[in-house]
Amino acid sequence: MSETTHLSGKRIIVTGAARGIGASAARALAAAGATVTGLDITEPSSGSPEVPGGGRLTRDLCDVSSRDSVTQAFGRAAESMGGLDVLIHVAGVQRYTPAEAITDDEWDLVVGINARGTMITNQAAFVHLKDRGGRIINFASAAGALGLRGCAHYAASKGAVLAWTRTIAQEWGQYGISANAIAPGMWTPMYDATRAGMTPEQLAAHDKGMAAMIPLGGKLGDPDTDMAPVLVFLASDASRFITGQTLAVDGGLMMVR
Ligand SMILES: NC(=O)c1ccc[n+]([C@@H]2O[C@H](COP(=O)([O-])OP(=O)(O)OC[C@H]3O[C@@H](n4cnc5c(N)ncnc54)[C@H](O)[C@@H]3O)[C@@H](O)[C@H]2O)c1
């Protein structure tokens, strides 16, 4: 690994680190030499795989939609790591309900975790980053830019993440803080849940549509090989001059056509 992408000395918080993209990212960042605290509202379901080498990965519980929980967990993480350099905010939830049937409670749940959780975690990171600079990487979605049938609240919450990220990139650049958003297309437990809700006919049509829409491979990517290396780059000094961007890591799903 080159000098610029080796993460030795970087102190990183990853939210949503119990499974999916967050779990993969936390492992890869630690393997690249970083000291990582993985936060999630639940414990990892499949044990805690050892980090292959390099850095350190510890875990803590945190509900990203609760300001108290975030303030306390970020405080513990920064204290145990000796500071903070990077936040990778992955945690999020998705629900499928037709727009006309979304209840206030379901709106509050999805927007509370995805949008308010982004504000709260980013503010908590800012406290630790403002004196030395650093990086914030938020997980948005193509849904936030394009819309997503059956997920209007999810799409709205991710649109908020995109707009929030661009705005803090403008406001916090003066502190040496960069902020970028990811629009991923990865095969994870969240996507398994989406597929589980489809009839065999819907699944066949979905897979056909994905094959047509994703130029690279025709299906969603693998978090370990397709997403984690990008996060290692974004957490590194090599990405220092990139801010306010939405990076689609999705095999070409979201490209302008
Ligand atoms: N997988 C994709 O292709 C895809 C596409 C677009 C956007 N995203 C976004 O990327 C992120 C990761 O997606 P994934 O597919 O790995 O999802 P996932 O459901 O597999 O994992 C999400 C993690 O977030 C955690 N989480 C949920 N609510 C939380 C809370 N209140 N506090 C702390 N942790 C909480 C969950 O416990 C889980 O470990 C999400 O924000 C998702 O919306 C994913």
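Here is a short chat about a predicted model of a protein with a ligand.

Reader: How do you know that threonine 118 is buried or exposed?

Author: Buried means under 20% relative accessible area. Threonine 118 has a relative accessible area of 1%, so it is buried.

Reader: Where is threonine 118 found, and what does it touch?

Author: Threonine 118 sits in helix H3, residues 104-129. Leaving out residues up to four places away in sequence, threonine 118 touches His89, Ile113, Asn138, Val161 and Trp164. Touching here rests on heavy atoms within 4.5 Å.

Reader: What makes arginine 19 a polar contact of the ligand?

Author: The cut-off for a pair of N or O atoms is 3.5 Å. An N or O atom in the side chain of arginine 19 is 2.6 Å from an oxygen atom of the ligand, so that pair is within 3.5 Å and counts. Arginine 19 is also listed among the closest residues to the ligand, along with Asp40, Tyr154, Met186 and Thr188.

Reader: And what about aspartate 63 and lysine 158?

Author: Try the cut-off of 3.5 Å again. For aspartate 63, a polar side-chain atom lies 2.9 Å from a nitrogen atom of the ligand. For lysine 158, a polar side-chain atom lies 2.9 Å from an oxygen atom of the ligand. Both pairs are within 3.5 Å, so both count as polar contacts.

Reader: How much of the ligand does the protein bury?

Author: The protein buries 93% of the 830 Å² that the ligand exposes when taken alone.

Reader: Which elements give two or more residues to the shell around the ligand?

Author: Those are helix H1 (20-31), helix H5 (152-172) and helix H6 (189-196). In total, 27 residues surround the ligand. By class, the shell has 16 nonpolar, seven polar and four charged residues.

Reader: Why does the radius of gyration agree with a compact globule?

Author: With 257 residues, a compact globule would have a radius of gyration near 18 Å, and the protein has 18 Å, so the two agree. The C-alpha atoms fill a box of roughly 50 × 40 × 40 Å along the principal axes.

Reader: What is the protein built from, and how many of its residues count as buried?

Author: The protein has eight helices and seven strands. Of its 257 residues, 48% count as buried. As for the surface, the protein exposes about 12,300 Å², with carbon and sulfur atoms supplying 55% of it.

Reader: What share of the contacts join residues at least 24 apart?

Author: That share is 71%, taken among contacts between residues at least 6 apart in sequence.

Conventions:
Residues are numbered from 1 along each chain as its sequence is written. This is a predicted model: local features need pLDDT of at least 70, side-chain atom pairs count only at pLDDT 80 or more; totals for chains, interfaces and linings use all residues. Side-chain values use heavy atoms; hydrogens and water are left out. A residue is near a molecule or strand if one of its heavy atoms lies within 4 Å of it. A polar contact is a pair of N or O atoms within 3.5 Å; within protein, one must be able to donate a hydrogen and the other to accept it, and residues adjacent in sequence count only if both atoms are side-chain atoms. Accessible areas come from the Shrake-Rupley method with a 1.4 Å probe; for residues, only the protein chains shown count as cover. Helices (H or I, at least four residues) and strands (E, at least two) are DSSP runs, numbered from the N terminus. Ala, Val, Leu, Ile, Met, Phe, Trp, Tyr, Cys and Pro count as nonpolar, Asp, Glu, Lys and Arg as charged, and the others, Gly among them, as polar. The radius of gyration is taken over C-alpha atoms; the globule rule is 2.2 Å times the number of residues to the power 0.38. Buried means under 20% relative accessible area, exposed over 50%, partly exposed in between (1.4 Å probe, protein chains only).
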